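Here are my notes on the model you sent, set out as numbered points. Please read them with the structure open beside you.

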Amino acid sequence: MKKLFLGLTIVTGLVISPLAQAKEKEIVVATAGDIRPFSFEKKGQLTGYDIEVLKAADKLMNDYRFTYKKTSWESIFVGLDSGHYQVAANNLSYTKERAAKYLYSKPIATNPLVLVSPNNAKVNQLNHIGGLTTQDDTGTSTAKLVSDWNKKHKDNPSTIDYSGEDVSKRLLDLENGEFDYLIFDKISVETIIKQKSLDLHVTDIKSKDNPNNYIIFADDQKALQKSFNGALEKLQDSGKLKELSKVHLGGNYLARSKTNR
């Protein structure tokens, strides 16, 4: 009878395990994977602050299992709209246009914008960009910032060259004088300038735009958004989020506000 009982226990265990795994919903996270230190490839694997925050949260979210898909910047939101992806992680800021279409996590970091220019031709404030050229991608908050500035300065607008290059290449091209200035987030810019020893001037931008960094969800993923935000609070309370910030961002860049925007 003991052998029979043990046999039944093993069989039951085999039945339970697949059922438990089946309850986990696979979630596809889209990222361009070209924006240090938030999302990039290292030894063929995606890593960076955004990615490691998601991995840490995934361990606390029993109903979900995250997988990661590297894609072009232009394809991220198209994929969210079509249902190919459920999550986007790419050093994403808050804009009203995105918030009207997608769900935002609580902020995972604070990351203000800066104005970058060659040291021999310093551009110290937004009022200096008239008549100058920058590089950007379509659909970014930084491109919108310049476009909005141009609407108020139609007599001397700034030109946006939609290059499609990653930020590392843009900063190198900026140093070489191929365009005049770049607006980007402070953490990425300072990380890349230090790594590549670039001779560039960096100025903080005083902007009303939200400086925080978020994870974005497709509009039909409210349960996932709620679960992630709960896990994020646990990571913050335990000190894990601060630890990830120090490791990947080089300091404590946690957002002070816990607002759920």
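How many salt bridges does a search of the whole structure find? The points below begin there and then turn to a sheet and the helices that pack on it.

1. The model is a predicted one, and a search through the whole of it returns 12 salt bridges. Four of the residues concerned, Glu 97, Lys 144, Asp 148 and Lys 151, are joined to one another in a network of such bridges.

2. The salt bridge between Asp 137 and Arg 170 has its closest N and O atoms 2.8 Å apart. Asp 137 sits in the loop between β10 (133–136) and α5 (141–152), while Arg 170 belongs to helix α6, so this pair ties together parts of the chain that are 33 residues apart in sequence. As for the surroundings of the two partners, Asp 137 is buried, with a relative accessible area of 12%, and Arg 170 also counts as buried, at 3% relative accessibility; the cut-off that applies to both is under 20%.

3. A second pair, Lys 70 and Glu 41, forms a salt bridge in which the closest N and O atoms are 3.1 Å apart. This pair, too, links distant parts of the chain, for Lys 70 lies in strand β5 (residues 64–70) and Glu 41 in strand β3 (residues 39–42), with their positions 29 residues apart in the numbering. Lys 70 is partly exposed, its relative accessible area being 41%, and Glu 41 is likewise partly exposed, with a value of 38%.

4. The salt bridge between Lys 240 and Glu 243, with closest N and O atoms 3.6 Å apart, is of a local kind: both residues lie in helix α9 (residues 240–249), three residues apart, which is about one turn of the helix. Lys 240 counts as partly exposed at 30% relative accessibility, and Glu 243 counts as partly exposed at 42%.

5. Turning to the sheet, three strands form an open arrangement in the order β12-β9-β13, with antiparallel pairing. Because β12 (182–185) and β13 (200–204) stand at the edges and each has a single partner strand, one side of each is left without a neighbour in the sheet. From one strand to the next the twist averages 35°. Strand β9 (residues 113–118) pairs with β12 in the antiparallel sense over four bridges, and the bridge partner of Leu 113 in β12 is Asp 185.

6. Which helices pack on this sheet, and at what angles to β12? Helix α6 touches β9, β12 and β13, and its direction makes about 145° with that of β12. Helix α7 also touches β9, β12 and β13, but its direction makes about 105° with that of β12.

7. These two helices also meet each other, since the axes of α6 (residues 167–175) and α7 (residues 186–196) come within 10 Å and cross at roughly 65°, in a crossing that is right-handed. The contact is made by Val 167, Ser 168 and Leu 171 on the α6 side and by Val 189, Ile 192 and Lys 196 on the α7 side. By character, the residues of this contact divide into four nonpolar, one polar and one charged.

Terms used: Residues numbered from 1 in each chain as written. Predicted model: local features only at pLDDT ≥ 70, side-chain atom pairs only at ≥ 80, totals over all residues. Heavy atoms only, no water. Axes fitted to C-alpha atoms, helices over the stretch in contact; angles between N-to-C directions. Left-handed = near helix turned anticlockwise from the far one by under 90°. Contact = heavy atoms within 4.5 Å. Nonpolar A, V, L, I, M, F, W, Y, C, P; charged D, E, K, R; others polar. Salt bridge = Lys/Arg side-chain N within 4 Å of Asp/Glu carboxyl O. Buried < 20%, exposed > 50% of the residue type's maximum accessible area, 1.4 Å probe, protein only. Pairing = 2+ DSSP bridges.
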